[in-house]
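Subject: Structure handover, pockets

Hello,

I am passing on the structure for your own work. Please find it below, followed by notes on what turned up in the pocket search.

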Amino acid sequence: METKQQHTQHVIRAVRADEWEKVKELRLDALRDPVASLAFLETYEQAAAKPDEFWQDRAAGAAEGVHVAQIIAEAPDGQWNGSVSVFIEDAGTKDFLEQVVETDQAHVVGVFVRAEQRGSGLTDALFEAALEWVWAREEPVLERARLFVHESNERAAGFYRRFGFQASGLVIPKPDDPSAREHEYVFARP
């Protein structure tokens with residue numbers, strides 16, 4: 001996917017396979033964010049310990065755009081200021097919690113926008129491009145996109161609601177902290 005869109009002088013586009021170093025850099029920056037423990041299921045130390053081959057494979061898989069896509073916001077100077085990833089969950093397979101997926105759907109993960117860009121509309125632009133990728137798929141046709149948000153991450157939950165995601169009522173324990181809860185939000189196919 002090479003969808004490009006200008007937003008506050010950012011280009012919103014899919015990651016390319018040869019950009020693995022920037023994929024790694026942005027992920028590590030995201031994991032340094034003060035709310036990273038609420039938003040991500042890995043720590044900075046875990047991600048930093050991964051070999052270059054992991055990041056190369058991650059970028060290559062996202063660049064193929066078959067089962068996963070990573071959409072980034074690139075500033076004119078080449079800096080990446082945000083990212084959203086989406087992967088496909090096929091009906092009948094098991095999700096990250098080992099629960100059977102009931103319908104073909106997209107799962108939005110890895111949402112990150114640098115602090116200085118928050119509130120600028122950049123997150124909206126990233127989500128618009130991510131959902132454009134979801135709805136453009138021909139096989140399987142996806143009926144919904146979903147994501148999970150930590151019960152204490154009200155800023156993110158507020159954005160998701162404003163954007164059009166709705167709480168499904170599904171509440172799960174956070175995989176790396178069973179004492180915390182995550183709420184599922186869904187966006188139905190338009």
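How many nonpolar, polar and charged residues does the lining of the largest pocket have? The model is a predicted one, and in it that lining has 24 nonpolar residues, eleven polar and nine charged.

The largest pocket has a volume of about 1,100 Å³. Its lining is made up of 44 residues. Ala39, Phe40, Gly110, Val111 and Tyr160 are the ones that lie nearest the centre of this pocket.

Several elements give two or more residues to the lining of the largest pocket. The helices are helix 2 (36–39), helix 4 (52–64), helix 5 (122–136) and helix 6 (154–163). The strands are strand 3 (68–74), strand 4 (80–89), strand 5 (105–113) and strand 6 (144–150). Strand 5 gives the largest share, seven residues.

Now the second largest pocket. About 210 Å³ of space lies in it, and 14 residues line it. Nearest its centre lie Val100, Arg144, Arg146, Leu170 and Glu184. Two elements, strand 6 and strand 7 (166–174), give two or more residues to the lining of the second largest pocket. The largest share there, three residues, comes from strand 6. By class, the lining of the second largest pocket has six nonpolar, three polar and five charged residues.

Strand 6 is thus listed for both pockets: it gives two or more residues to the lining of the largest pocket and three residues to that of the second largest.

Regards

Technical notes. Residues numbered from 1 in each chain as written. Predicted model: local features only at pLDDT ≥ 70, side-chain atom pairs only at ≥ 80, totals over all residues. Heavy atoms only, no water. 1 Å grid on protein atoms, 1.4 Å probe; cavity = no way out; pocket = protein on both sides within 12 Å on 5 of 7 lines; lining within 4 Å. Points joined across faces, edges and corners; volume = space filled by probe spheres on them. Helix = DSSP H or I, 4+ residues; strand = E, 2+ residues; numbered from the N terminus. Nonpolar A, V, L, I, M, F, W, Y, C, P; charged D, E, K, R; others polar.
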